[in-house]
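The following paragraphs lead through a single protein model, from strand pairing to the core and then to the confidence of the prediction. Please keep the sequence and the structure in view while reading.

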Amino acid sequence: MLFGAGDHAQTEERCVEHAHASAITCVRWAPGGDALLSGGADRAVVLTPLDGSSSTSAAFDAGVLCLDVHVALGLVAVGVMDGTVAIYDASLNEVRRFARH
């Protein structure tokens, strides 16, 4: 998955395709807009900074179905294939899980 930034004279591209061990199932802008969050069938949510610095990740018990971002609080809601819903705080690399419902 590629995305570009820049003007017509110069285009910069970054790639997140190697952030996951298997298929990427969802992508969202991270709070602040300076990174991408991606979820995958590999049971991970990966935060990939656009400045090229190291990625961070959180592991889950099943593949990640969807992500949504609460920009004001800087939190990410994660839907997992086993029915779990989690709240991921990327700034603290902390996950709070809620029982299947």
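Two strands are said to pair if DSSP finds at least two bridges between them. In this predicted model, strand β3 (residues 24-29) and strand β4 meet that criterion, because five bridges join them. The two strands run antiparallel, and V27 stands opposite S38 in β4. Five residues lie between the strands of this hairpin, where G32 adopts a positive phi near 95°.

Strand β4 (35-40) also leads into the protein's interior, as one of the elements that each supply at least two residues to the largest nonpolar core. That core has 17 residues, and those with the most contacts inside it are L37, V45, F60, V64, L67, V78 and Y88. Besides β4, the strands β5 (44-49), β7, β8 (75-80) and β9 (85-89) each provide at least two core residues. The greatest contribution, three residues, comes from β8. In soluble globular proteins, nonpolar side chains tend to be buried together.

Strand β9 also contains a charged residue, D89. D89 is buried but forms no salt bridge. The nearest side chain of opposite charge, that of R96, is 8.6 Å away; a salt bridge would require a separation within 4 Å. Beyond its neighbours within four places in sequence, D89 contacts G74, L75 and E94.

Confidence varies along the chain. The protein averages a pLDDT of 82, and 81% of the residues score at least 70. Among the elements, strand β7 (residues 64-70) has the highest mean, 94, and strand β1 (residues 2-6) the lowest, 47. Over residues 1-11 pLDDT stays under 50, although the model has 20 contacts beyond four places in sequence for this stretch.

Terms used:
Residues numbered from 1 in each chain as written. Predicted model: local features only at pLDDT ≥ 70, side-chain atom pairs only at ≥ 80, totals over all residues. Heavy atoms only, no water. pLDDT = per-residue confidence, 0-100. Helix = DSSP H or I, 4+ residues; strand = E, 2+ residues; numbered from the N terminus. Contact = heavy atoms within 4.5 Å. Core = buried A, V, L, I, M, F, W, Y, C linked by side-chain atoms within 4.5 Å. Buried < 20%, exposed > 50% of the residue type's maximum accessible area, 1.4 Å probe, protein only. Lys, Arg positive; Asp, Glu negative; His and termini not counted.
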